[in-house]
Amino acid sequence: MKQYDFETVYPRYDTNTTKWMEIRKYFPDGAEGIIPFSLADMELPLAPEIRDGFKAYLDRYVLGYNNATDEYKTAVCNWMKTRHNWDVKPEWMLPSNGIIHALYSSVKSYTNKGDGVIMCTPVYYPMYSAITANDRHLAECPLINRGSRYEIDFECMERLAKAPENKLLIFCSPHNPGGRVWTKEELEKVGSICLENNVIIASDEIHFDLIRPGIQHTVFAAVSQEVAANCVVMTAPSKTFNLAGLMTSNIIISDQTLRELFWEELKRDTLYPKCNALGLEACRIAYTECGEWLDQVNALIARNCDKVVDFLKREFPEVVVMDMEGTYLLWMDFSALGIESHKLAEMLRTEGKLFFDDGYIFGKAGDGFERWNLACPKKYVEEGLIRLKTVLDKHKVK
Ligand SMILES: Cc1ncc(COP(=O)(O)O)c(C=O)c1O
């Protein structure tokens, strides 16, 4: 079997990438010694099938306006069936140039100004903006922290769903930053609370392919036909295959009324919603040729995760780490070390040259946490652990 290369480092310091532009603010003079575990894109080489496929595509096509082709739609439907056991019809798919945009569109499609949107927190921070920037209010359903995993507070969710002003649930599945892959039973409970109370579900499943071997992800709309009819599923190849710069996602809505509302909103935003030609082609190639690449990436992420978890158990047992069932983002609670959270983040960056995402950006319950992006070469993780130990040993309150 073909073994993919995940150890070659592609220098990104000078490439205007969002993650590294942030890092440059701290180290404007060069990339020497920096280890980036922040923002959720991969520090891994592009799948060679996509690189080669692009070259072939560019030999044949110019890059004018583009529509999703039948081959493209078939590739998406096949992926959903084979990887997620989910039957999708091509006409259910709507183009969108990213999940954040689709989150904003969902809020505008299914709620009015002043309405409430339910969300389980802490959570991926742009979801808060999708609500507040559109003059809706957050109906917060804090996740229950059981130490190594988050659980949904169903009583709180039911209470919020019963309030007539709360019209939409934004749901992060798998959960970023907590790493939970929600079970079918959990989804069924959430699904029926929403159905009983006329709350529409917008399920952000951008991480749905990044699942730890042995764990099963269930697409929300695959729970039942009734739930599917009340559900918008947001999927993309961007997180899975590291294609975020191509701004291509697939919003899948089986219910015609919900789909038309979403489409009308896209058209209000921009008369002709457009697709990125290279994004569509990358998605088609990824979904037809890159399954093995993805399996090897998931295995690498699991190995990186085990390394960090074993190390922290041994060296810093006070640090509480959530089980990373999905995503490539490890959620670690450092608060028992007694270092103030902003100070800890600053020390990791300036003394360790280690860049994580600070927990407080995901909501107040994230304070004291750091989020570690493990989609990277194993040598980054090994060196990162040595540096982490040096910084923590120096500063932890004994
Ligand atoms: C849960 C979640 N949703 C959406 C996004 C971003 O989506 P997009 O780049 O397609 O706007 C991310 C990126 O980290 C994410 O983690």
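A residue counts as buried when its relative accessible area is under 20%. This cut-off is used at the first stop of the tour, in what is a predicted model.

**First stop: F37 and W372.** Select F37, whose relative accessible area of 0% makes this residue buried. Then add W372, which is likewise buried, at 0%. The two ring centres lie 4.6 Å apart with the planes at 40°, so the pair is classed as tilted. Distant parts of the chain are linked here: F37 belongs to the loop between β1 (35–36) and α2 (48–60), while W372 sits in strand β15 (residues 369–373), 335 residues apart. The structure holds 19 aromatic pairs.

**Second stop: an aromatic cluster.** Select F6, W79, F241, Y287 and W293 together; these residues form one aromatic cluster.

**Third stop: F27 and K353.** Display the ring of F27 and then K353, which lies over the face of that ring, 4.9 Å from its centre.

**Fourth stop: E351.** Move next to E351, in the loop between α12 (341–350) and β13 (354–355). E351 is partly exposed, with a relative accessible area of 38%. Which residues beyond its neighbours within four places in sequence is E351 in contact with? Selecting E346, V391, K394 and H395 displays them. With K394, the side chain of E351 makes a polar contact, side chain to side chain, at 3.4 Å.

**Last stop: from E351 to D52.** Finally, keep E351 selected and add D52. Their C-alpha atoms are separated by 40 Å, and the two residues are 299 residues apart along the chain.

Terms used
Residues are numbered from 1 along each chain as its sequence is written. This is a predicted model: local features need pLDDT of at least 70, side-chain atom pairs count only at pLDDT 80 or more; totals for chains, interfaces and linings use all residues. Side-chain values use heavy atoms; hydrogens and water are left out. Rings of Phe, Tyr and Trp (its six-membered ring) pair if their centres lie within 6.5 Å; planes under 30 degrees apart count as stacked, over 60 as edge-to-face and the rest as tilted. Helices (H or I, at least four residues) and strands (E, at least two) are DSSP runs, numbered from the N terminus. Buried means under 20% relative accessible area, exposed over 50%, partly exposed in between (1.4 Å probe, protein chains only). A charge sits over a ring if NZ of Lys or CZ of Arg is within 6 Å of the ring centre and within 35 degrees of the ring normal. Contact means heavy atoms within 4.5 Å. A polar contact is a pair of N or O atoms within 3.5 Å; within protein, one must be able to donate a hydrogen and the other to accept it, and residues adjacent in sequence count only if both atoms are side-chain atoms.
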